[in-house]
Every structure is written in C-alpha cells, then in structure tokens.
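Here are my notes on the model you sent. Please read them with the structure open.

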Amino acid sequence: MENEIKKGKQKIELNLIESERARAISFSKRKKTLFQDAEKLANWSGDEVGIMLFSPGGKPFSCASTSIEDIIDKFLKGKLEDRQHDHAEGKPIGFEELEDLRKELKMLNEKERRRILMYKITHPASEIPPDKYMEEQRVAMLLRVKKILNETKNAILGEHFKFDLNVVPQPEEDESS
C-alpha cells in the first residue's frame, strides 16, 4: 500500500450524455444533490435560495428555501429597479417575458394542485393520470425559458465585448532609449 500512486482530485470533462435514458437517470440523481446543496446553502447563509429545473422530458421542478414564487418576485423587483436604472442610461433589458413566465408557472401549479386534489377526492386509492394539456404547457414554458436564456446570453455577450473604437492605445516607450 505504501507504493500506491495516488492521483488526487481529477478534472472531469463535462459533455452531453448521448443516451436519453442515461441522461434522465443522471438528471434525477443530480437534481436531488443540487436541491440538497441549495438547502444547505440556505441554512448556512440564511439567504433565500431558489432553483428551477426542467427535466429532459420538459417537466418543471423547483426547490426553494421559502417559496419559489416569492423568490422570483424578489428577483424581478430587483431587476425592475435595475431596468429602471439601466433605462435611464439607455440600456435595453427585457424581463417582461420572465415576469409573464412566472405568472403562468404560478397559475399552472395552482391548476395542477386543484386537479390532483379533485382527483384524489373523486377517485380515492387510484393513480392520478397525467394531464396532456399540462404537459404541453410545460414544454411550451421550457421553450420560452430557453429563448429567454439565449437572449440573455446574447445581451451579456454584447455588453461584455463592447469597446470604444475612439480610444487609441498609448504606444509603449522603449526602455533602451
């Protein structure tokens, strides 16, 4: 055992898992760990933590230290203040879609909760069937989230790579002169 070579912590390259089944299994396992870590962070720091995920099948999952809706409200309120500040500076920022998505998610969750409750009352001890309409709505929401994500990435990249073409760099002085 003394001559054993230890590699230490190895860097793992993250790539898309090709198999849909393996991807779904990995999502399920990592989702649980991510939610546990978010809970720990919220407990240790006393901060409000919220996570929204969409499975490879389009099903939404969320975990929050308080209520995901309250966290989104707080986030949007902060962004609204930022937007008003940025609007004064002439920067275009669009969080209206995120606000619409939050309202729609809240409404879908409430409808689903009522549907499940009614089904449990009318059909006790039977399995609750999936609602195809809800699934379609979730897929549509997933597509909207992806669109918002792409627009946000593009806006961030655009801001990150802006530079002033009117500024000419000063030539470096030769030390040998």
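1. Start with the hairpin. S1 and S2 form it, with 5 residues between them. Gly58 sits in the turn and has a positive phi of about 95 degrees. Please look at the backbone there.

2. The pairing is antiparallel: strand S1 covers residues 50–54, strand S2 covers residues 60–64, and 5 bridges join them. To check the register, take Met52. Its bridge partner in S2 is Ser62.

3. A word on confidence. This is a predicted model. The average pLDDT of the protein chain is 76. A score of at least 70 is reached by 76% of the residues. Which elements mark the lowest and the highest mean pLDDT? Helix H2, residues 68–89, has the lowest, at 72. Helix H1, residues 20–45, has the highest, at 88.

4. Next, the second largest pocket. Its space comes to about 610 Å³. The lining counts 21 residues. Those nearest the centre are Leu16, Arg23, Phe27, Phe54 and Pro56. Two or more lining residues come from each of H1, S1 and helix H4 (132–160). H1 gives the most, with 6 residues. Strand S1 therefore has two roles to describe, by the run assignments used here: it pairs with S2 in the hairpin, and it contributes to this pocket lining.

5. What is the character of that lining, by nonpolar, polar and charged residues? The second largest pocket has 13 nonpolar residues in its lining. The rest divide into 3 polar and 5 charged.

6. Now the enclosed space. How many cavities of 30 Å³ or more does the structure hold? The count is 1. The largest cavity has a volume of about 30 Å³. Its lining is made of Pro60, Leu105, Leu108, Asn109, Glu112, Met134 and Arg138. Helix H3 (96–122) and H4 each give two or more of these residues. H3 gives the most, with 4.

7. The cavity lining is mixed. It divides into 4 nonpolar residues, 1 polar and 2 charged. Pro60 is one of the lining residues, and strand S2 spans residues 60–64, which ties the hairpin to this cavity. H4 appears in both places: in the lining of the second largest pocket and in that of the largest cavity.

8. For your figures, I suggest one view of the hairpin with Gly58 in the turn. A second could show the pocket lining around Phe27 and Phe54, which are among the residues nearest its centre. A third could show the cavity with its H3 and H4 residues.

Key:
Residues numbered from 1 in each chain as written. Predicted model: local features only at pLDDT ≥ 70, side-chain atom pairs only at ≥ 80, totals over all residues. Heavy atoms only, no water. Pairing = 2+ DSSP bridges. pLDDT = per-residue confidence, 0-100. 1 Å grid on protein atoms, 1.4 Å probe; cavity = no way out; pocket = protein on both sides within 12 Å on 5 of 7 lines; lining within 4 Å. Points joined across faces, edges and corners; volume = space filled by probe spheres on them. Nonpolar A, V, L, I, M, F, W, Y, C, P; charged D, E, K, R; others polar.
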